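Visitor: I would like a close look at one part of this protein, the salt bridges. Please go through them slowly and place them in the rest of the chain.

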Amino acid sequence: MSQVEMKMPKMGESVAEATITKWLKNEGDRIESEETVLEIATDKVDSEVPSPAAGILIKKLFNEGDVVQVGSVIAIISSGVETKAAPEAPKQATENAKPTAANGAVVAAVTTTLPSNGIKATVGSETRFYSPLVRNIAREENVSVSELELIEGSGENGRVTKKDILSFISNRSKAPAQIETKAPSSPAIAAPAVSQATAPGQPAMSFSGDVEIIEMDRMRKLIAEHMVMSKHTSPHVTSFVEVDVTNLVMWRERIKKSFEKRENEKITFTPIFMEAVVKAIKDFPMINSSIDGTKIIVKKNINIGMAAALPSGNLIVPVIKNADRLNLLGITKVVNDLANRARINKLLPDEIQGGTFTLTNVGTFGNVMGTPIINQPQVAIMAVGAIRKKPAVIETLQGDFIGIRHMMFLSHSYDHRVVDGMLGGSFVRRVADYLEQWDINREI
């Protein structure tokens with residue numbers, strides 16, 4: 001009987017880990033080659049993992065909700081004689097050999113602390129498995145290894161699950177208990193600098209009246225952490241410019257029907273704004289950069305991310321790679337394709353990676369302007385507001401007069417560590433100039 005290791009696949013450039021969202025097969029199930037065994041998620045993209053061989057799934061090494069590094073073995077498949085399950089692991093030391101705490105919970109002598117990058121902790125003469133999810137929760141809640149050993153696991157082979165540790169934390173906060181161990185208490189597991197959406201040290205909240213408590217889904221947690229991290233990382237400054245886009249609106253109105261008939265898709269304002277941003281980045285290349293310590297990394301490729309709202313209410317940022325190499329027609333087709341596939345969750349991991357500047361359209365919600373948060377590790381992001389008809393002063397050689405114009409606001413947020421007011425303000429003004437100087441007779 002031969003065994004095949006099923007590994008977490010590499011799903012894109014710079015993708016280092018993925019979360020197991022659902023196992024579709026159980027231990028002992030027969031699996032065909034290339035049959036989907038589990039579903040995974042990396043950042044905001046979901047994928048299916050097929051079996052590398054036909055056989056019997058004899059061991060699942062991770063649970064649903066666990067975060068697994070790319071290349072790690074996630075399951076064992078027997079490609080020989082069928083067997084219902086993997087052999088039982090050797091039994092651990094007997095219960096009567098373990099000292100007990102005052103509350104009757106089993107306690108073991110701690111000989112090493114839980115490693116930050118491992119999956120096991122050695123306690124006394126035993127080794128106990130802790131999933132990445134459980135370890136992350138332990139760090140965030142300052143749960144020590146000795147406390148972890150007190151938790152009675154409800155998972156397979158006594159494994160501590162997310163439910164187990166959250167229940168322990170809840171009971172601990174209500175009635176903290178003294179933990180007795182043979183060895184001195186190990187230090188608490190350090191929490192990451194920015195690992196949760198709430199501010200460090202935020203007091204527990206109480207609610208009264210009629211409320212509904214909704215647990216954040218996986219994507220919302222990622223967004224929350226990313227936004228908090230960005231505000232902690234970059235000193236944000238926002239500059240605003242009002243733009244007269246009358247010629248642009250009239251041009252689009254004139255060509256949109258013929259364009260849709262010819263190309264079988266619509267032309268929106270987004271690719272037009274994106275083209276103007278690309279031109280301005282070429283004029284001000286420092287906007288297209290990131291920071292590494294005290295070094296400024298200026299990117300030669302111009303990859304524009306476009307923030308897109310999903311039907312679920314969450315946000316995703318697909319990236320138009322090498323946008324400076326595309327004409328307006330090419331940008332339009334890529335934008336429409338990415339936007340359509342984003343709505344049905346069909347984006348590939350590489351298609352949300354590698355952005356160097358982000359554009360978000362708050363005007364689609366009827367907002368006239370916004371103060372967007374920088375999409376790290378970028379140093380700038382631009383928001384375009386709603387286009388509205390407004391009375392405006394029109395300057396001519398014959399004199400000034402009041403007319404009805406199509407006006408909009410551009411909001412440019414930038415990282416003041418590398419982008420000063422002159423650069424940030426000049427850039428957004430240049431984008432406005434390109435939009436105001438639109439050729440109404442342009443062909444596409």
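Guide: What follows takes the salt bridges in turn, then the surroundings.

The model is predicted, and its mean pLDDT is 81, with 78% of the residues scoring at least 70. Two stretches need caution. Residues 81-126 have a pLDDT below 50, although the model gives this stretch 81 contacts beyond near neighbours in sequence. Residues 175-199 also stay under 50, and for them the model has 44 contacts beyond four places in sequence.

The count of salt bridges comes to 15. One of them is formed by the side chains of glutamate 242 and lysine 390, with an N to O distance of 2.6 Å. This pair links distant parts of the chain: glutamate 242 belongs to strand E11 (residues 236-244), lysine 390 belongs to strand E19 (residues 388-396), and 148 residues separate the two. Glutamate 242 counts as partly exposed because its relative accessibility is 31%, between the limits of 20% and 50%. Lysine 390 is also counted as partly exposed, because its value is 22%.

Another salt bridge joins the side chains of arginine 262 and glutamate 263, at 2.9 Å from N to O. Here the two partners fall into separate accessibility classes. Arginine 262 has 47% relative accessibility and therefore counts as partly exposed. Glutamate 263 has 19%, so it counts as buried; the cut-off for that class is under 20%.

A further salt bridge brings together lysine 333 and glutamate 265, whose side chains meet at 3.0 Å, N to O. This pair, too, links distant parts of the chain: lysine 333 sits in helix H7 (residues 328-343), while glutamate 265 sits in the loop between helix H5 (246-263) and helix H6 (270-283), 68 residues apart. Lysine 333 counts as partly exposed because its relative accessibility is 33%. Salt bridges with shared partners connect Arg262, Glu263, Glu265 and Lys333 into one network.

The setting of these pairs can be given in totals. The protein has 444 residues, of which 43% are buried, and its secondary structure comes to eight helices and 20 strands. Of the contacts between residues at least 6 apart in sequence, 64% join residues at least 24 apart. About 23,800 Å² of the protein is exposed, and carbon and sulfur atoms supply 52% of that area.

A nonpolar part of the surface can be set beside the charged pairs. Phe207, Val211 and Ile213 form a nonpolar patch there, with about 350 Å² of accessible area together. Isoleucine 213 lies in the loop between helix H3 (162-174) and helix H4 (218-233). Isoleucine 213 counts as exposed because its relative accessibility is 71%, and the cut-off for that class is over 50%.

Last, there is an open sheet elsewhere in the model. Its four strands run in the order E1-E8-E6-E3, with antiparallel pairing. Strand E1 (3-7) and strand E3 (30-31) are the edge strands, each pairing on one side only. E3 pairs with strand E6 (residues 55-60) in the antiparallel sense over two bridges. In that pairing, isoleucine 31 has glycine 55 of E6 as its bridge partner.

Conventions: Residues are numbered from 1 along each chain as its sequence is written. This is a predicted model: local features need pLDDT of at least 70, side-chain atom pairs count only at pLDDT 80 or more; totals for chains, interfaces and linings use all residues. Side-chain values use heavy atoms; hydrogens and water are left out. pLDDT is the predictor's confidence in each residue, from 0 to 100. Contact means heavy atoms within 4.5 Å. Two strands pair if DSSP finds at least two bridges between them. Patches are made of residues with over 30% relative accessible area and no salt bridge: like charges are joined within 9 Å, nonpolar side chains (Val, Leu, Ile, Met, Phe, Trp, Tyr) within 5 Å. Accessible areas come from the Shrake-Rupley method with a 1.4 Å probe; for residues, only the protein chains shown count as cover. A salt bridge is a side-chain nitrogen of Lys or Arg within 4 Å of a carboxyl oxygen of Asp or Glu. Buried means under 20% relative accessible area, exposed over 50%, partly exposed in between (1.4 Å probe, protein chains only).
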